[in-house]
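Hi,

Here is the structure I promised to pass along. Have a look at it first, and then read my notes below.

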Amino acid sequence: MEISDEVLDPPADTDELEGWRFCSTCESYAPPRSWHCVVCKTCILKRDHHCMFTGCCIGHRNHRYFMMLLIYLFIGTTYTTAYNSVYIWWFRYNDFVNFTTILKLICPMLMFTLDTSAINLFLLIYMLNVIGFLQSLVLLVYHWKIISHGAVVYERKAPKYNLGWKRNLEMVFGKRWYLVWLSPFVSSELPNDGIHWEQVLKESDKMK
Ligand SMILES: [Zn+2]
Ligand SMILES: [Zn+2]
């Protein structure tokens, strides 16, 4: 996603100006929930974090794509791990259920010395599956907990924009959140512009 370096004018209304901060790097005012990213070299609206897997910031407009990446990765690796587990531990029982396999799983470099046959390839793919499965599980649980409270990573300890699970999902997946699981490219308009959060803050305060 292309990063636009638009300079936003701070609101004239003092009530609305609350929450805006001056970013000394961008040398301009930045709206609430935005944070400066040193890698992207700009302030990102509703910044969640800079993602090392996608090489960009996850924020207001691409949060849904990131969450869908985690969801699809989790579904894909759950399926392949289950499928490969049955293959390795059940159908190829004689080849894999032995002490050498345990050693190779603990230290994969032993595949070059203990046994150099092609069955190592299955083991290698299986290990990648399991790592992918565990990693996507941990990341999905971590990020799902945060978005279900209407927060981003920085706000996780004290979520201030919590509007209940349904509207919190809308903040990330858009108004047609129930369709986005099919594809994040489904048109689903976000309820906020990423700049003005006063109304959300007021409603969240009322709900407490
Ligand atoms: Zn900045
Ligand atoms: Zn970034």
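Which protein atoms are the donors of the zinc ion (ligand 1)? Bear in mind that this is a predicted model. The donors turn out to be Cys23 (SG), Cys26 (SG), His36 (ND1) and Cys43 (SG), and they lie 2.1 to 2.3 Å from the ion. Along the chain, these donors follow the spacing C-x2-C-x9-H-x6-C. Two of them link distant parts of the chain: Cys23 sits in strand β1 (residues 21–23) and Cys43 in strand β4 (residues 42–44), 20 residues apart.

As for geometry, the site of the zinc ion (ligand 1) is tetrahedral, with angles of 101 to 120 degrees among its four donor atoms. For reference, the ideal angle for four tetrahedral donors is 109.5 degrees.

Is Cys23 buried or exposed? Cys23 counts as buried because its relative accessibility is 4%, and the cut-off for buried is under 20%.

Now to the surface. Trp89, Tyr93, Val97 and Leu105 make a nonpolar patch there of about 350 Å². Of these, Trp89 belongs to helix α2 (residues 63–91). Trp89 has 32% relative accessibility, so it counts as partly exposed.

One more residue to look up is Asp9, which you'll find in the segment before α1 (14–17). Asp9 has a relative accessible area of 68%, so it is exposed. If you want to get your bearings, Asp9 and Glu155 are 146 residues apart in sequence, and their C-alpha atoms are 24 Å apart in space.

Cheers

How values were computed. Residues numbered from 1 in each chain as written. Chains lettered and ligands numbered in written order. Predicted model: local features only at pLDDT ≥ 70, side-chain atom pairs only at ≥ 80, totals over all residues. Heavy atoms only, no water. Patch = residues over 30% accessible without salt bridge, like charges linked within 9 Å, V, L, I, M, F, W, Y side chains within 5 Å. Areas by Shrake-Rupley, 256 points an atom, 1.4 Å probe, with all protein chains shown as cover. Salt bridge = Lys/Arg side-chain N within 4 Å of Asp/Glu carboxyl O. Helix = DSSP H or I, 4+ residues; strand = E, 2+ residues; numbered from the N terminus. Buried < 20%, exposed > 50% of the residue type's maximum accessible area, 1.4 Å probe, protein only. Donors = N, O, S within 2.8 Å, 3.2 Å for Na, K, Ca; no water. Tetrahedral: all angles 85-135°; square planar, octahedral: opposite > 155°, others 65-115°.
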